[in-house]
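Colleague: I should like to learn how to read the sheet, the helices and the buried core of a model such as this one. May we take the features in turn?

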Amino acid sequence: MTPTPLTTAQLQPRLGQLTVIDVRSPGEYASGHIPGAHNIPLDQLQRALPALRAAADRGELALVCASGARSATACDQLATAGIPAATLIGGTTAWAQDGNPLERPAGGRATWAMDRQVRMAAGSLVLIGLLADLALPGARWFSAAVGAGLVFSAATNTCAMGNLLGRLPYNRPRTAAADLDNTLAALHR
């Protein structure tokens, strides 16, 4: 099932009517999110299904991420669970580029978007493999394995590297677990 697309121009006037769920990591969310959006990271979506079902019973859900890819994946997961949701085309990047405001919590620090973190990590691993091959012949196969992982990631629309990076401390502020519990409780009401 293809997620229902939503443009920034369609979302902006309906912000007060929709429940907006940001599926990025807590670190990405803290660096700037759509006003009123609730943070439920993609890897916590299954845990949040009861709260999301309750919220969807009260009104429409709009899911967002940095570019729209993770929110489309989240919409597919929700559709499988019988919960309809729309995805924001272009994500918070498009939202900000169209001149719309982003909320930043007090003390929130900028964290790179996950796709940028993946590109940096993958590129670094490929370079390390190629440079290591100069001293240790055959190490270039490490670079080939990273490349194969990226191809698999694109073909399946999954990202193991992104999931691993999302678990790093700078992507999970200390308050993330408590914030998620509070979000789920608020959505249940």
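Modeller: Two strands count as paired if DSSP finds at least two bridges between them. In this predicted model, five strands form an open sheet, ordered E1-E5-E4-E2-E3, and the pairing is parallel. Strand E1 (4-6) and strand E3 (38-39) are the edge strands, each pairing on one side only.

Colleague: How many bridges join strand E2 to strand E4?

Modeller: Strands of a sheet pair through backbone hydrogen bonds, either parallel or antiparallel. Here E2 (residues 19-22) and E4 (residues 61-64) run parallel and are joined by four bridges. Thr-19 stands opposite Leu-61 in E4, and the bridge partner of Asp-22 in E4 is Val-64. E2 also pairs with E3, again in the parallel sense, over two bridges; there the bridge partner of Asp-22 is Asn-39.

Colleague: Which residues of E2 point one way, and which the other?

Modeller: Thr-19 and Ile-21 point one way from E2, Val-20 and Asp-22 point the other way, and all are buried.

Colleague: Why is Asp-22 classed as buried?

Modeller: The class rests on relative accessible area, and buried means under 20%. Asp-22 has a value of 0%, and therefore counts as buried. Leaving aside neighbours within four places in sequence, Asp-22 is in contact with residues including Tyr-29, His-33, His-38, Cys-65 and Thr-92.

Colleague: Which residue could serve as a contrast, being partly exposed?

Modeller: Met-120, in helix H6 (residues 114-135), is such a case. Met-120 counts as partly exposed because its relative accessibility is 45%. From C-alpha to C-alpha, Met-120 lies 41 Å from Arg-58, and the two are 62 residues apart in sequence.

Colleague: How should I read a helix, and where does H3 bend?

Modeller: An α-helix has 3.6 residues a turn, so residues three or four places apart point the same way. Helix H3 (residues 45-58) has 14 residues, and from its first C-alpha to its last it reaches 19 Å, close to the 20 Å expected at 1.5 Å a residue. H3 nevertheless bends by about 40° at Ala-51. The buried residues of H3 include Leu-45, Ala-48, Leu-49, Leu-52 and Ala-55, and Ala-51, the site of the bend, is also buried.

Colleague: Which residues have the most contacts inside the largest nonpolar core?

Modeller: That core has 20 residues, and those with the most contacts inside it are Ile-21, Ile-40, Leu-52, Leu-61, Leu-63, Leu-78 and Leu-187. H3, E4, H4 and helix H9 (176-188) each supply at least two residues of this core, and H3 gives the most, with six.

Colleague: What is Leu-61 in contact with, apart from its neighbours within four places in sequence?

Modeller: Its contacts are Thr-19, Leu-52, Ala-55, Ala-56, Leu-78, Ile-83, Pro-84, Ala-85 and Ala-86. Thr-19 is thus both a contact of Leu-61 and the residue opposite Leu-61 across the pairing of E2 with E4. Apart from the largest core lies another, of 12 residues, among them Leu-6, Leu-11, Ala-37 and Ala-62.

Definitions and conventions. Residues are numbered from 1 along each chain as its sequence is written. This is a predicted model: local features need pLDDT of at least 70, side-chain atom pairs count only at pLDDT 80 or more; totals for chains, interfaces and linings use all residues. Side-chain values use heavy atoms; hydrogens and water are left out. The expected span of a helix is 1.5 Å times one less than its number of residues. The bend at a residue is the angle between axes fitted to the seven residues ending there and the seven starting there. Buried means under 20% relative accessible area, exposed over 50%, partly exposed in between (1.4 Å probe, protein chains only). A nonpolar core is a set of buried Ala, Val, Leu, Ile, Met, Phe, Trp, Tyr and Cys residues joined through side-chain atoms within 4.5 Å. Contact means heavy atoms within 4.5 Å.
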